[in-house]
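Here are a few exercises to work through with the model open beside you. Try each task before you read its solution.

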Amino acid sequence: MTELYVLNLKDKLHKTVDDYLCLFTPERREKILRYKNLSDQNRTLWAELLARHVIALKTDTNIESIHIFRDQNGKPYISSEHNLEFSISHSGEYAVLSVGDKPNGVDVEKLTRANHNIANHFFTHEEKMILGSMNEEDFMRKFMCYWTLKESYMKCTGMDLMNVMRNVNCENISGRNFFIDDYVIGVYSEDLPDEFLEVKIPLT
């Protein structure tokens, strides 16, 4: 079964990343430091450390030996010998990871004021009908549920986001949403998790 892990970044966003850069390849260090904002550096760094921490536990190895690669579309993967599929996302004060032996995707977003114009122009007819019947608060939550599920579907399948937005009906796919504080998580997989696990990384 696909599992979902959540890491709270609140106490990490404004700390130096220098102590942990040694755990990354020169290429990844360069990408992390390319972000001007320290908070963006930390989100990128800790999201990957979350993935490496969980994968290390699952493969009974140490975190330093886990190397994450990315394909031409930016999708992360590890050596095929581990037989694990995973997806990473981060937003605001949270990083999330979905991992399992089947393809999966995950997205996390802050629950902000949803955009009616985006819904009207890019969601499917059925989704627009459902959203159109809701009050503003319910619309916001449902909009963000749809958005994170579409992002998750895109990450899992490699489809173009615009194609997913306009043609993939979230009511008909194998996806699930979870809420934590004022954030929503979307997960897509054939074997969905029933819950998420909040983790702490020993490095902290």
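**Exercise 1: the largest pocket**

Task: in this predicted model, find which residues lie nearest the centre of the largest pocket, and which elements supply its lining.

Solution. Start at the centre: of the 21 residues that line the largest pocket, Gly74, Lys75, Pro76, Ile88 and Lys155 lie nearest to it. Next, turn to the elements: at least two lining residues come from each of α1 (26-34), α2 (38-59), β4 (85-91) and α5 (136-157). The most is given by β4, with five residues. Then sort the lining by residue type, which yields seven nonpolar, seven polar and seven charged residues. Finally, the volume of this pocket is about 530 Å³.

**Exercise 2: the open sheet**

Task: give the order of the four strands in the open sheet, and explain why one side of β4 and of β9 is left without a neighbour in the sheet.

Solution. Reading across the sheet, the order is β4-β5-β1-β9, with mixed pairing. Because β4 and β9 (196-198) stand at the edges and each has a single partner strand, one side of each has no neighbour in the sheet. From one strand to the next, the twist averages 20°. Now look at β1 (residues 3-8) and β5 (residues 94-100): six bridges pair them in the antiparallel sense. Leu7, for instance, has Ala95 in β5 as its bridge partner. To finish, add α2, which packs on the sheet and touches β1, β4 and β5; the directions of α2 and β4 make about 150°.

**Exercise 3: a hairpin**

Task: state how many residues lie between β7 and β8 in their hairpin.

Solution. First trace the pairing: β7 (residues 175-180) and β8 (residues 183-189) run antiparallel, joined by six bridges. Asn177 stands opposite Gly186 in β8. Two residues lie between the strands, and Asp181 in the turn has a positive phi of about 50°.

How values were computed:
Residues numbered from 1 in each chain as written. Predicted model: local features only at pLDDT ≥ 70, side-chain atom pairs only at ≥ 80, totals over all residues. Heavy atoms only, no water. 1 Å grid on protein atoms, 1.4 Å probe; cavity = no way out; pocket = protein on both sides within 12 Å on 5 of 7 lines; lining within 4 Å. Points joined across faces, edges and corners; volume = space filled by probe spheres on them. Nonpolar A, V, L, I, M, F, W, Y, C, P; charged D, E, K, R; others polar. Pairing = 2+ DSSP bridges. Axes fitted to C-alpha atoms, helices over the stretch in contact; angles between N-to-C directions. Contact = heavy atoms within 4.5 Å.
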